[in-house]
Every structure is written in C-alpha cells, then in structure tokens.
Amino acid sequence: MKCRSIAMLIFLVSVSLVNAAEKGKHLFILSGQSNMKRMDPDLSFSPTVVEEFGEDNVIVVKFAEGGKPIRRWYKKWKPAKGDQPQASGDLYDRLMAMVNKAIQGKEIGTVTFVWMQGERDAKGKHDQVYGESLNGLINQLADDLGRKDINIVIGRLSDCVMNSSHWVTIREAQVKVAEGSKRGAWVDTDDLNDGINKKGKKVKNDLHYTVE
C-alpha cells in the first residue's frame with residue numbers, strides 16, 4: 001500500500017502492531033534524524049492515533065536531531081575497525097528524559113518505537129555495524145523501559161543515494177532488523193522524496209521528504 005503522508009504511512013504500519021485491547025495507554029516514541037525532525041506529529045500522526053485509540057489513551061513523544069549518527073543514541077556503539085569517534089548516547093538521554101516525564105504516574109499498555117535515521121552513518125561509512133547498532137538501541141530502550149514487547153517501526157532510508165554501497169547496506173540492515181522481530185515492521189519511503197519541497201522547488205529522490 002502506498003501513501004503520500006509519511007506520518008500516515010508510519011501510523012498504518014504501527015497501528016497494525018498495537019492491540020487496542022491492551023490495558024493502559026499507548027506510548028509512541030518517535031526519534032531519528034532530519035526527516036523525523038521535520039515531521040510535525042500534531043499535523044497528522046497524533047490526530048490519527050488519537051482517532052484510533054482515544055485522546056486519553058495515547059502518548060506521543062518525539063525527539064529528533066538532523067545529521068546525527070546512531071552512536072548519539074546507542075551507548076555501546078563500536079566502529080568496525082580503526083580509530084573512530086566514541087559513542088555518547090547523549091541524544092538518547094534527552095529522548096528518555098522526555099519519555100520518562102510523559103509517562104510518570106501512568107500505566108503503559110503498549111510501546112511503539114518509530115525510528116527514522118541512518119543517513120549520517122551511511123555518509124560516515126559505518127554501514128557494516130549499523131544493523132547491530134540498531135538492534136542494540138532497541139534492546140537498550142527495552143531494558144530502560146523494563147519490557148520486551150516493544151513494537152518497532154523503521155522508516156527505511158529512501159532511494160536518495162542508491163549509487164552508494166554504504167547507503168544500500170544500511171537500507172538492507174534496516175529491513176533485516178524489522179523483519180527479524182516478531183513485533184517489527186518497516187516503511188518504504190522511496191516515493192516520499194519526489195515532489196515539492198519546503199522552498200517550493202520540485203525535487204526528485206531528494207534527501208528530505210516533500211511537504212506533501
């Protein structure tokens with residue numbers, strides 16, 4: 001199924017992973033790089049999940065930063081070889097501070113983690129460790145929340161730089177991680193970066209998704 005709204009597309013995948021009969025609120029954690037940062041959940045994502053589950057039953061937390069590698073989230077990240085930057089996990093800590101504040105005193109029935117990131121790791125040629133790092137990030141989140149039933153939705157890198165083997169490898173790793181989880185799914189974003197951008201310019205296979 002194709003959908004022009006990335007928020008709606010992510011929702012359609014994530015809602016299939018969430019059981020509305022679960023007791024407690026449905027927590028959606030959205031994070032990643034610039035394409036996630038540019039998405040305003042209040043325009044389409046939050047209204048859609050609210051319509052599905054009810055306003056009092058939904059918590060949406062989003063924190064994203066453009067141009068950042070996964071090591072800024074995954075604290076045990078390690079390069080494949082050589083002298084490389086160290087993991088920090090600082091962006092993850094900022095995300096979790098927001099999550100913990102949002103869920104304080106509330107009963108959580110389901111957790112869905114929506115992830116859209118990977119461009120920086122492709123450009124930095126860290127694709128060989130990306131799949132392991134993404135799985136590590138998911139496990140890190142599961143441990144911190146004290147649950148193993150987290151739903152995973154991964155926005156696969158678009159077709160922006162298909163002539164890069166590093167880019168292609170990360171696309172493949174994202175699909176493998178999603179399909180390797182019983183509670184995972186991935187979103188094909190290849191049709192979301194063609195059209196009119198925020199500057200009113202017509203683009204094709206752009207790094208960033210279009211306004212529509």
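**Entry 1: the second largest pocket**

I started with what surrounds the second largest pocket: α6 (130-145) and α7 (165-179) each give at least two residues to its lining. I kept in mind that this is a predicted model. Which helix gives the largest share of the lining? That is α6, with four residues.

Next I looked up the space inside, and the second largest pocket holds about 190 Å³. I then went through the lining by name. Asn135, Ile138, Asn139 and Ala142 are among the lining residues, as are Lys148, Ile150 and Ile152. Lys176, Val177, Gly180, Ser181 and Arg183 also belong to the lining. Sorted by character, the lining has five nonpolar residues, four polar ones and three charged ones.

**Entry 2: the sheet**

I moved on to the strands. How many strands form the open sheet, and in what order? I found five, ordered β2-β1-β3-β4-β5, with parallel pairing. The edges belong to β2 (58-64) and β5 (184-187), each of which pairs on one side only. I also checked the turn between neighbouring strands of this sheet: on average it comes to 15 degrees, with direction ignored.

**Entry 3: strand β3 and its partners**

I wanted a closer look at β3, residues 108-116. Nine of its nine residues are buried, so the rest of the structure largely encloses this strand. Here I took buried as under 20% relative accessible area.

On to the partners of β3. Strand β1 (residues 25-32) runs parallel to β3, and eight bridges join the two. For a concrete pair, I noted that phenylalanine 28 has threonine 112 in β3 as its bridge partner. Strand β4 (residues 151-155) is also parallel to β3, joined to it by four bridges. Which residue of β4 is the bridge partner of tryptophan 115? I found isoleucine 154 there. I came back to threonine 112 as well, and in β4 it stands opposite asparagine 151. I like threonine 112 as a landmark, with phenylalanine 28 as its bridge partner and asparagine 151 opposite it in β4.

**Entry 4: helix α3**

Last, I turned to helix α3, residues 45-53. Which of its residues are buried? My list reads Phe45, Ser46, Thr48, Val49 and Phe53. I looked down the axis of α3 and found these buried residues within an arc of 160 degrees, so they line one face of the helix.

I also checked what follows the helix. Just after α3 comes glycine 54, and its phi is positive, at about 100 degrees.

Note on methods:
Residues are numbered from 1 along each chain as its sequence is written. This is a predicted model: local features need pLDDT of at least 70, side-chain atom pairs count only at pLDDT 80 or more; totals for chains, interfaces and linings use all residues. Side-chain values use heavy atoms; hydrogens and water are left out. On a 1 Å grid over the protein atoms alone, a cavity is a set of points where a 1.4 Å probe fits but cannot get out, and a pocket is an open set with protein on both sides within 12 Å along at least five of seven lines; lining residues have an atom within 4 Å of a point. Grid points are joined across faces, edges and corners, and a volume is the space filled by probe spheres set on the points. Ala, Val, Leu, Ile, Met, Phe, Trp, Tyr, Cys and Pro count as nonpolar, Asp, Glu, Lys and Arg as charged, and the others, Gly among them, as polar. Buried means under 20% relative accessible area, exposed over 50%, partly exposed in between (1.4 Å probe, protein chains only). The arc is that of the directions from the helix axis to the C-beta atoms. Two strands pair if DSSP finds at least two bridges between them. Axes are lines fitted to C-alpha atoms, for helices over the stretch in contact, and angles run from 0 to 180 degrees between N-to-C directions.
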